[in-house]
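Dear colleague,

Please find below the structure that I am handing over to you, shown together with its sequence. My notes on what was found in it follow directly after.

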Amino acid sequence: MVLVACAQMCSTEDVAANLAISIKLARDASAAGATALFLPEAADYIANDAHQVYLLAEPLETHTYTLGLRAVAKELGISINAGIHERPGPDEAASEEPGSERVFNTHIAIGPDGNIRSVYRKLHLFDIQLKDEAAQGIHGGKSPTRRTGEHQRIIPGSAIPELVDMGAIGRVGTEICYDIRFPELHLILRRKGADIITIPSAFTVPTGRAHWHTLVRSVAISYQVYVIAAAQAGAHSSLRSSWGEALVFDPWGVELGRLPSIDEAQDPTQPMPPQFLLVDVDPARVESVREQVPLAFQKRDDVYTVIEKPTTKKTYQAIFEYPSTLTMPPPRPNDN
């Protein structure tokens, strides 16, 4: 078995502060014996409007937050997965409408050598409208009617990445937040050989309260994988809050760890403190569950099938080597 850390934090528009928090989580997790740290969606920043999202985004090659994570990953010898915002390259921006300020919602996997092992761009964008009755949580609390149009600020991805081989941890499939509602993606990752599916999130409060725990556990049970679901948690600003409740389940659906939701926060109008949980993962557990309930051999491919279509668009396949000149960012006050 191998120890991994699943974190939650409350990112703001301050990229430097978010990086400092993430580095401290990495150091503390490593000191506790973790060989990998899983951070939430949009760990680099959460902004209130589309223009600010664009202004703060950077290309992956020079991405300030990512470079900081790569440096600490190499220093500590741990793997780090995180969600970031990625500015499109010139060719990718050329395919957008004139004046577009959309960016990619990206999940990066960094190896213990500081190199980027995988880049996944979110396929399914969170475009919903919650009415009062639909926004009532399972505890009866109401939220106002709200519309969310992620497509207004995010370019959808066009490819499913290959699994990340994380050694003793296993083979990891990468998703992001709203992807959790689309079973085809889980199935494709499972058929590629995933032992773990990691789903960093920034779930809204009403959908988190009603669906989050159930969705995460259902993926673990239905696809017989570990699910590691890091989360944004608490109030990012007066205009936006996230549900929290980072979770890890094993392939049998056993809850291995859980962090608090915003409903458990002392003051839900404030950011929730950064923290992580530690769990052991064991690829042998995956094989044991699949032997007992052999779903892979019982699917009726003669009647139905789910396949990954080849993409005709240019896919992002760059693996960034660790630059010898990369250094740690200077410490910020009160980082300890």
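D250 is a convenient place to begin: with a relative accessibility of 4%, this residue counts as buried, because the limit for that word is under 20%. Please keep in mind that the model is a predicted one. D250 belongs to the loop between β15 and β16.

**The surroundings of D250**

Which residue meets D250 in a salt bridge? The partner is R285, and the N to O distance between the two side chains is 3.0 Å. This pair links distant parts of the chain, since R285 is in helix α7 (residues 283-292) and D250 is in a loop, 35 residues apart. Unlike the buried D250, R285 counts as partly exposed, at 28% relative accessibility.

The side chain of D250 also reaches the backbone nitrogen of V254, at 2.9 Å. If neighbours within four places in sequence are left aside, the residues in contact with D250 are A220, V225, Y226, L256 and R285. R285 therefore appears both as the salt-bridge partner of D250 and among its contacts.

**Other salt bridges**

In general, side chains of opposite charge can pair when their charged atoms come close. How many salt bridges does a search of the whole structure find? The search finds 17.

One of them joins E75 and R27, whose side chains meet at 2.7 Å, N to O. E75 is in helix α3 (residues 64-76) and R27 is in helix α1 (residues 15-31), so the pair links distant parts of the chain, 48 residues apart. Are these two residues buried, partly exposed or exposed? E75 counts as partly exposed at 45% relative accessibility, and R27 is partly exposed as well, with a relative accessible area of 33%.

A further salt bridge is formed by E41 and K122, with the closest N and O atoms 3.3 Å apart. Here the two residues are 81 residues apart: E41 is in the loop between β2 (36-38) and α2 (50-56), while K122 is in the loop between β5 (116-121) and β6 (127-130). E41 is buried, with a relative accessible area of 6%, and K122 is buried too, with a value of 1%. E41 and K122 are also linked with E150 in a network of salt bridges.

**The nonpolar cores**

In soluble globular proteins, nonpolar side chains tend to be buried together. The largest nonpolar core of this model has 33 residues, and L37, L39, Y65, L69 and I80 have the most contacts inside it. Several elements supply at least two residues each to this core: β1 (2-9), α1, α3, β3 (79-86), β4 (103-110) and β5. Which of them gives the most? That element is α1, with 6 residues.

L69 may serve as an example from this core. Not counting residues up to four places away in sequence, L69 touches L19, S22, L39, I80, A82 and I110. Apart from this core lies another, of 30 residues, which includes Y120, F203, W243 and A265.

**Aromatic rings**

The count of aromatic pairs comes to 3. In one of them, the rings of F126 and Y178 have their centres 5.1 Å apart; their planes are at 70°, so the pair is edge-to-face. The two residues are 52 residues apart, with F126 in the loop between β5 and β6 and Y178 in the loop between β10 (171-174) and α5 (183-192). Both F126 and Y178 are buried. Ring pairs also link F126 and Y178 with F182 into a cluster.

Another pair is made by F203 and W212, with ring centres 4.7 Å apart. Why is this pair described as tilted? The planes of the rings are at 50°, so the pair is tilted. F203 and W212 are both buried, and F203 is also one of the residues of the core of 30 residues.

**Charges over rings**

Two further arrangements bring a charged side chain and a ring together. The charged end of R87 sits over the ring of Y54, at 4.0 Å from its centre. R121 lies over the face of F104, 3.6 Å from the ring centre.

With kind regards

Terms used: Residues numbered from 1 in each chain as written. Predicted model: local features only at pLDDT ≥ 70, side-chain atom pairs only at ≥ 80, totals over all residues. Heavy atoms only, no water. Salt bridge = Lys/Arg side-chain N within 4 Å of Asp/Glu carboxyl O. Helix = DSSP H or I, 4+ residues; strand = E, 2+ residues; numbered from the N terminus. Buried < 20%, exposed > 50% of the residue type's maximum accessible area, 1.4 Å probe, protein only. Core = buried A, V, L, I, M, F, W, Y, C linked by side-chain atoms within 4.5 Å. Contact = heavy atoms within 4.5 Å. Polar contact = N/O pair within 3.5 Å; in protein donor to acceptor, adjacent residues only side chain to side chain. Phe/Tyr/Trp six-rings, centres within 6.5 Å; stacked < 30°, edge-to-face > 60°. Lys NZ or Arg CZ within 6 Å of the ring centre and 35° of its normal.
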